[in-house]
Amino acid sequence: MFSFQLYIPRAAGSAQCAFWLPGADLYKYMFRTGGAPSGTCRFMQERKFFMVFYTKPLGREKLAEDVLKADRAHCRKYGPCGVGEQALYLSSFYLDRRYYVPFSCVERVFKRVAMSRGGFTGKGMFASLPYLVVVCRDGSEKQCLFKREEQVDELLSDIRKHYPDIRLQSLAVEERLRRRAEEEAARVRPKISEKAESQIRGLLKAREYLEERPALYEALSRSARAKRVNERSNPAYRWAALAIVLLGILASLYGLWAVVTRAGYGIYFTLFGLAAVFLFAGANVLPTGKNNRAYVDRRWREACEAMEHHLHGYSGFPLPARYAHPVVLTRMIRAIEDARAVTAEEAFEVIKEDLKRLNASVQVDQEEYDEIMAVKPMFLVEGYR
């Protein structure tokens, strides 16, 4: 991976020579000759410096260097992490894909969301903080912060598809799901009519059809969330952030000039200017080509059109294309099973009312939160029509 230029001391009657030697061959050379040749120590120190940026294993189990290099280069990247064929790549606080865990060491991978006061309203720069949590078989745990929650969902979907043996819930969630399943089994459901049962069968069939193309309804949900966040954000904040970034760049340039000319306090201007630039550039609030009203509106229209095209092959689909999501159909099935509705149209109206009642003052569990965040933005951007 690294090569070292070695300078062999000049012997009597010979000229000094220099050549490049790969790192692995360097250690063999040192072993055979009983020591390092002249000039080796400096390059070994440089190698130790660059090792800081190497991908390191989290546990004791390691991959061969050539296998690790190829696997990391071709891993599927999701935010600061990645999914390879041999290992899961995780970020440190500063560097993306800084660590790796072989899949043979992974016990479970799941999402953890830290909510702030603006979590359900969409207000604020840090409304929710999504984390990816990896639990190893030795009991150790590592969590990685993501900018966007959909990146965590995409990574988990990738693991669910390619590594079905890895658990995707925490122990607490698994226990809650087990208790909920027991309660559902023990609960006496109201008796429903034959018409209602027929409606449930139709909704189940429609849900199976949607799940054949998950990319379509995921794009629908993702574009609706982006549109909702953009609509709820004050445009003045974006331009204020851009102004601060420009001032930070100017302060950094002045600081560098002051350092070169020894004008005084140059290093402070440089540090504070760079801090402002990196803070607002990483907070996803600057007006960019993919963070503006026209772009998010176009993405939403394209997602709706793609779903409409897909639903042309299903006659009598029970939902408008803009709300076509398996979670909506699942909640409609629950409404009919609980005798709150008889037909799919009535169940759809029940779902609308349920979503309208959910706001920042309502406390829900993680499973309910995931369902709400997947579908409520679609209803909000369309005004529940």
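**Sheet, helices and aromatic pairs in a predicted model**

Helix H3 (residues 65–73) lies across strands E4, E6 and E7, and its direction makes about 65° with that of E6. Helix H4 also packs on the sheet, where it touches E4, E5 and E6 and runs at about 145° to E4. The model described here is predicted.

The sheet itself is open and consists of 5 strands in the order E3-E7-E6-E5-E4, with mixed pairing. Strand E3 (56–57) and strand E4 (76–78) stand at the edges; each has a single partner strand, so one side of each is left without a neighbour in the sheet. Strands of a sheet pair through backbone hydrogen bonds, in either a parallel or an antiparallel sense. Strand E5 (residues 81–83) pairs with E6 in the antiparallel sense over 2 bridges, and the two strands form a hairpin with 3 residues between them. Within this pairing, Val83 has Leu88 of E6 as its bridge partner. On the other pairing considered, E6 and E7 run antiparallel and are joined by 4 bridges; here Leu90 is matched with Tyr99 of E7.

In a regular strand the side chains alternate between the two faces of the sheet. Strand E6 is covered on both faces: Ala87 and Tyr89 on one side, and Leu88 and Leu90 on the other, are all buried.

The two helices H4 and H7 were examined for length and burial. Helix H4 (residues 149–162) has 14 residues, which at 1.5 Å a residue should span 20 Å; the end C-alpha atoms are 20 Å apart, in agreement with this value. Its buried residues include Val152, Leu155, Leu156 and Ile159, and also the charged residues Glu149, Glu150 and Asp158. Helix H7 (residues 214–232) has 19 residues, and both the expected span and the distance between its end C-alpha atoms are 27 Å. Among the buried residues of H7 are Leu216, Tyr217, Leu220, Ala224 and Lys227. An α-helix has 3.6 residues a turn, so residues three or four places apart point the same way.

A search of the whole structure finds 8 aromatic pairs. In one of them, Tyr89 and Tyr100 are tilted, with 6.3 Å from centre to centre and 45° between the planes. Tyr89 belongs to strand E6 (residues 87–90) and Tyr100 to strand E7 (residues 99–102), so the pair ties together parts that are 11 residues apart in sequence. Tyr89 has a relative accessible area of 0% and is therefore buried; Tyr100, at 2% relative accessibility, also counts as buried.

The pair of Tyr323 and Phe379 is stacked, with 4.2 Å between the centres and 5° between the planes. This pair links distant parts of the chain, 56 residues apart: Tyr323 lies in the loop between helix H10 (293–311) and helix H11 (326–337), whereas Phe379 lies in helix H13 (residues 366–381). Tyr323 is buried at 0% relative accessibility, and Phe379 is buried with a relative accessible area of 0%. Together with Phe348 and Tyr384, Tyr323 and Phe379 form one aromatic cluster.

Charged groups also meet aromatic rings. The charged end of Lys356 sits over the ring of Tyr384, 5.2 Å from its centre. Tyr99, the bridge partner of Leu90, has the charged end of Arg98 over its ring, 5.6 Å from the ring centre.

Terms used
Residues are numbered from 1 along each chain as its sequence is written. This is a predicted model: local features need pLDDT of at least 70, side-chain atom pairs count only at pLDDT 80 or more; totals for chains, interfaces and linings use all residues. Side-chain values use heavy atoms; hydrogens and water are left out. The expected span of a helix is 1.5 Å times one less than its number of residues. Buried means under 20% relative accessible area, exposed over 50%, partly exposed in between (1.4 Å probe, protein chains only). Rings of Phe, Tyr and Trp (its six-membered ring) pair if their centres lie within 6.5 Å; planes under 30 degrees apart count as stacked, over 60 as edge-to-face and the rest as tilted. A charge sits over a ring if NZ of Lys or CZ of Arg is within 6 Å of the ring centre and within 35 degrees of the ring normal. Two strands pair if DSSP finds at least two bridges between them. Contact means heavy atoms within 4.5 Å. Axes are lines fitted to C-alpha atoms, for helices over the stretch in contact, and angles run from 0 to 180 degrees between N-to-C directions.
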